[in-house]
Amino acid sequence: MAEHREIERATSDGRRSPAERMIKLPGETRHAKRGKTAKEIARQIAIDKIDKQIKVLKDDG
């Protein structure tokens, strides 16, 4: 029977952080090492998209 074990990674201040992983974001040609989780990256992309929309609306007005 196979066991599943989670490996905990901790920083010097005791906080857990995700392992770095190779992720390719939209518009990039290569994968890059990133320490953020997929959820954090998706949230940042959504915020950036909203910021662009706000800027366009401000420039039109």
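**Exercise 1. Which side chains meet in a salt bridge, and at what N to O distance?**

Solution. Start with the source. This is a predicted model, where local features need pLDDT of at least 70, side-chain atom pairs count only at pLDDT 80 or more, and totals for chains, interfaces and linings use all residues. Residues are numbered from 1 along each chain as its sequence is written, and side-chain values use heavy atoms, with hydrogens and water left out.

Step 1. Take the definition: a side-chain nitrogen of Lys or Arg within 4 Å of a carboxyl oxygen of Asp or Glu.
Step 2. Find the pair. The side chains of R34 and E28 form a salt bridge at 2.7 Å, N to O.
Step 3. Count. The structure holds 1 salt bridge.
Step 4. Recall the principle. Side chains of opposite charge can pair when their charged atoms come close.

**Exercise 2. Lay out the helix and strands of the chain.**

Solution. Helices (H or I, at least four residues) and strands (E, at least two) are DSSP runs, numbered from the N terminus.

Step 1. The chain has 1 helix and 2 strands.
Step 2. Along the sequence the pattern is β-β-α.
Step 3. Place the salt-bridge partners. R34 lies in strand β2, residues 32-34. E28 sits in the loop between β1 and β2.
Step 4. Add T37. This residue lies in the loop between β2 and α1 (38-60).

**Exercise 3. Describe the surroundings of E28 and R34.**

Solution. A contact means heavy atoms within 4.5 Å.

Step 1. Setting aside neighbours within four places in sequence, E28 is in contact with I23 and R34.
Step 2. With residues up to four places away not counted, R34 touches A19, E20, R21, I23, L25, E28 and I41.
Step 3. Check exposure. Buried means under 20% relative accessible area, exposed over 50%, and partly exposed in between (1.4 Å probe, protein chains only). E28 has a relative accessible area of 31%, so E28 is partly exposed.

**Exercise 4. Is T37 buried, partly exposed or exposed, and how far is T37 from A19?**

Solution.
Step 1. The relative accessible area of T37 is 28%, so T37 is partly exposed.
Step 2. T37 and A19 are 18 residues apart in sequence. Their C-alpha atoms are 8.7 Å apart in space.

**Exercise 5. Summarise the whole chain and the confidence in its elements.**

Solution.
Step 1. Buried residues make up 7% of the 61 residues.
Step 2. Among contacts with a separation of 6 or more, residues 24 or more positions apart account for 0%.
Step 3. pLDDT is the predictor's confidence in each residue, from 0 to 100. Its mean for the chain is 77, and 69% of the residues reach 70 or more.
Step 4. Among the elements, strand β1 (residues 21-23) has the lowest mean pLDDT, 80, and α1 the highest, 89.
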